[in-house]
Structure formats: C-alpha cells, structure tokens
Amino acid sequence: MLGNQVIKLSSASQEKLKKMYQQYAVTPPPYATFSAKTPGFVVTIYQSGKVMFQGKDAETEAVKWGTPAEKKQASAPNTILPEGFSNWSVVGSDEVGKGDYFGPLVVVAAFVSHDKIALVKELGVKDSKQLSDPEIIRIAKDLHATIPYQKATLHNPVYNKMQRTMTQGKMTAIAHNAALRALLEKIDEKPAAILIDQFAEKSVYYQHLRAENDVVRDDVYFSTKAEGLHVAVAAASILARAFFLKEMDKLSQQVGVTLPKGAGAKVDQVAAQIIRRHGEAVLQSIAKVHFANTKKAINLNKRRL
C-alpha cells in the first residue's frame with residue numbers, strides 16, 4: 001500500500017526541497033508549484049505551502065523535512081534528548097553520499113567517550129556542512145588517531161545490486177546497523193547511548209532491519225540535526241565525508257575525469273562524457289544508476305548524434 005504524508009514548510013524550506021529533488025522534476029498538477037517523481041516517492045509542493053509525499057518511501061522522505069503536523073521549528077532537531085546528553089559517552093552514526101550520483105554510500109559510527117569530548121572539539125569537529133573538503137580531510141586524520149570508529153561502505157557495484165531489490169532507505173539502515181555492530185564489538189567501554197542522525201522514523205528504520213540477524217537496539221536515539229546534539233555524530237559525519245572524498249578521487253582517476261558531487265546538471269554532462277569514452281556499463285562501477293541522471297546522460301548523448 002502506498003504511503004501518503006503531508007507536511008507544511010516555510011518558503012525557504014520549499015526552495016531547499018526543490019533544489020534537492022530538481023533532478024526528478026516533472027510537470028506539477030493543478031494548484032501546485034513543483035512536483036518531482038523519484039524511484040521511491042512523488043513529492044508535490046502546493047500553493048498553500050503544503051507538501052505531499054506519496055509512495056513506498058513517503059514516510060522516510062517526509063521525516064527529513066518535517067512531521068505530519070506542521071514543523072514547529074524548521075532548523076531544530078526533532079528529538080528531545082535526556083538532560084546532559086551532550087556530555088555523555090556516545091556512539092554517533094551518520095552517512096554520506098546518499099544524494100550524490102557518483103561515488104559510494106558511506107556510513108561511519110564513531111565513539112566519543114566523556115573524557116575525549118573536549119579534545120575532539122579542540123580538533124575542530126563541528127557540523128561537517130560548515131567545513132571545507134581540505135578541513136574535513138585534515139580533521140579526519142586527527143580523529144583517526146584519537147577515537148575508535150567503524151565504517152560501512154556500499155561501493156557502487158554493491159549498491160546497484162542491492163538497489164534492485166530494496167530501497168535506498170533500507171540499504172542505509174543496513175549500513176548503519178553494520179557499522180554500529182562492528183564498533184560495539186571493537187570498543188571495551190559500553191557507551192551510555194547511541195545517536196543516529198535520523199533519515200527515517202525509528203519504526204521505519206527497524207522495519208528495514210527486520211530480516212537482519214543482529215540488530216543494535218539498546219539505548220538508541222534518533223534525531224535530525226544530530227551533529228549539533230553530540231560531537232560523536234559530527235565526528236562520524238566528518239570521517240564518512242573524508243572516506244567519500246577519498247573514494248571519489250579513486251573513481252575520478254579510474255575514468256580519467258573529475259567526478260562532480262551532487263546530482264545536478266553538471267553531473268549529467270560528466271556522466272554523458274564518461275559514457276562516450278567508456279560505454280554505459282562503466283556507470284555500474286562509479287555511479288548510483290537508478291538516479292535520473294543516468295537517463296539524462298544517455299539522452300544528452302543521443303542529442304549529439
């Protein structure tokens with residue numbers, strides 16, 4: 001049965017949403033200003049400011065932007081954590097690459113104990129979106145020598161194979177659980193809590209993992225904007241971004257073209273160039289081929305003929 005989620009967003013948030021899903025844009029229905037059709041859901045922005053998500057991934061996507069009721073504060077986390085949480089010994093988990101056409105999906109779980117919080121902050125750890133790529137790489141090197149962490153990487157061939165039978169949300173949940181399991185086996189100290197940067201409602205996350213044998217469930221919290229709630233999530237995000245950037249460099253060398261991030265028009269052009277040089281099949285090893293960019297790149301080459 002298809003999901004149906006309706007939220008209300010500010011004008012600024014609507015513009016961000018349009019930018020995020022522009023690659024999937026289609027002609028909007030009456031009384032709507034924007035509509036996009038992705039492999040897992042359809043999103044439509046109406047003139048009233050209401051935003052409707054429909055399809056099997058509707059709930060997963062809608063929670064990224066708000067809740068079924070109007071979002072109370074667009075920039076605020078959606079979870080209230082216990083008092084003093086930011087000073088607890090916490091495992092943080094975050095992913096990178098989910099919205100990028102080229103490159104893998106990388107999840108990192110990182111443990112920052114109470115006695116390491118000040119040091120990790122001193123290294124410059126903060127919201128990764130506020131850091132440049134060179135800063136991310138530098139800080140990640142310091143974190144590598146400072147805190148325990150584990151990563152789970154879905155390289156493009158594996159990602160594309162998994163995507164044939166499951167949603168991106170499910171793949172992301174499986175990768176988070178794998179990284180968390182590996183880290184908990186690695187560290188001696190039991191963390192006071194685990195905080196996952198929320199990409200799906202808690203119930204949806206565990207539904208994605210129903211077929212997994214060993215699921216991490218104890219003391220797990222979920223929140224959007226989690227990088228600002230505990231430095232462990234910010235550290236995980238930086239490490240994941242550094243691994244993603246390293247992999248992008250490898251893939252760029254592999255095809256002889258600098259691969260752009262994101263999923264915009266520049267990506268379409270580079271993908272078309274790669275198809276001309278190496279053939280369409282090479283995309284399986286460097287890109288998330290279910291993105292609309294694949295079809296757009298193929299069409300760009302057809303127009304050149």
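What share of the 305 residues in the protein is buried? I looked that up before anything else, and buried residues make up 52% of them. For my own record, buried means under 20% relative accessible area, exposed means over 50%, and partly exposed lies in between, with a 1.4 Å probe and protein chains only.

**Ground rules.** I am working with a predicted model, where local features need pLDDT of at least 70, side-chain atom pairs count only at pLDDT 80 or more, and totals for chains, interfaces and linings use all residues. I number residues from 1 along each chain as its sequence is written, and side-chain values use heavy atoms, with hydrogens and water left out.

**Overall build.** I find 11 helices and 10 strands in the protein; these are DSSP runs numbered from the N terminus, helices being H or I over at least four residues and strands E over at least two. The radius of gyration is 20 Å, close to the 19 Å that the globule rule gives for 305 residues, so the protein is as compact as a globular protein of that length. That radius is taken over C-alpha atoms, and the rule is 2.2 Å times the number of residues to the power 0.38. Along the principal axes, I read a C-alpha span of about 60 × 45 × 35 Å.

**Contacts.** I took contacts as heavy atoms within 4.5 Å. Among those between residues at least 6 apart in sequence, 70% join residues at least 24 apart.

**Helix α1.** I went through residues 11-21 and noted Ser13, Gln14, Leu17, Lys18 and Tyr21 as the buried residues of α1. Seen down the helix axis, they fall within an arc of 145 degrees, so they line one face of α1; the arc is that of the directions from the axis to the C-beta atoms. On the other side of α1, I see Ala12, Lys16 and Lys19 exposed. What covers the buried residues of α1? I find that the cover includes β2 (25-26), β3 (32-37), β4 (42-46), β5 (50-55) and α2 (58-65).

**Positive phi.** I stopped at Tyr31, in the loop between β2 and β3. Its phi is near 65 degrees, a positive value in a residue other than glycine. Tyr31 counts as exposed, at 64% relative accessibility. I then turned to Lys225, in the loop between β10 (220-223) and α8 (231-255). Phi of Lys225 is near 55 degrees, again positive in a residue other than glycine. Lys225 is partly exposed, with a relative accessible area of 43%.
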